[in-house]
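Reader: Could you walk me through a few residues of this model?

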Amino acid sequence: MPVLTYAGDIAWILALSIMAGAARQAWARTTPETRMPMQFRADGAPMWRAKRNSALLTMPVVAFVVSVILVVVNRNQVAAGDAVLILFGVRALAASLFALAYLRWLKASMAVLEQEGALKP
């Protein structure tokens with residue numbers, strides 16, 4: 001079932017491109033010395049911050065590495081019916097969860113920076 005293999009690849013391509021596009025927009029609105037909030041307390045206050053470069057690129061790079069690992073596992077599996085469906089499900093779910101987590105973090109981080117006046121117009 002190469003169709004499901006290709007569909008999993010497409011899911012990862014879409015997820016990584018969404019993360020890259022969001023990072024590019026955030027990159028344009030921040031300065032190189034901006035320290036972005038990375039983790040938040042229950043009340044929404046930032047706990048710790050990281051420089052813009054590492055903050056915006058860490059999650060997409062980790063997602064890319066996970067996608068490559070899943071592709072290698074997927075390509076080395078024997079093409080049995082249940083295994084193909086399960087691997088497709090894992091790949092599609094992981095891709096969507098990475099993109100969702102990144103966008104959620106980025107939205108909260110940009111909101112804090114907006115309140116602080118640290119964003120370019």
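Reader: Which residues does serine 67 touch, not counting residues up to four places away in sequence?

Author: Happy to! This is a predicted model, where local features need pLDDT of at least 70, side-chain atom pairs count only at pLDDT 80 or more, and totals for chains, interfaces and linings use all residues. Residues are numbered from 1 along each chain as its sequence is written, and side-chain values use heavy atoms, with hydrogens and water left out. With contact meaning heavy atoms within 4.5 Å, serine 67 touches Trp12 and Leu16.

Reader: Is serine 67 buried or exposed?

Author: Buried means under 20% relative accessible area, exposed over 50%, and partly exposed in between (1.4 Å probe, protein chains only). Serine 67 has 6% relative accessibility, so this residue counts as buried.

Reader: Which backbone oxygen does the side chain of serine 67 reach?

Author: The distance is 2.6 Å, and the partner is a residue of helix α2. That partner has 48% relative accessibility and therefore counts as partly exposed. The oxygen belongs to phenylalanine 64.

Reader: Is threonine 34 buried or exposed?

Author: Threonine 34 sits in the loop between α1 (2-29) and β1 (35-40). Leaving aside neighbours within four places in sequence, its contacts include Ala50, Leu113 and Ala118. Its relative accessible area is 7%, so threonine 34 is buried.

Reader: How far apart are the C-alpha atoms of serine 67 and leucine 4?

Author: Serine 67 is part of helix α2, which covers residues 52-76 (helices are DSSP runs of H or I, at least four residues, and strands are runs of E, at least two, numbered from the N terminus). Along the chain, serine 67 and leucine 4 are 63 residues apart, and their C-alpha atoms are separated by 15 Å.

Methods: A polar contact is a pair of N or O atoms within 3.5 Å; within protein, one must be able to donate a hydrogen and the other to accept it, and residues adjacent in sequence count only if both atoms are side-chain atoms.
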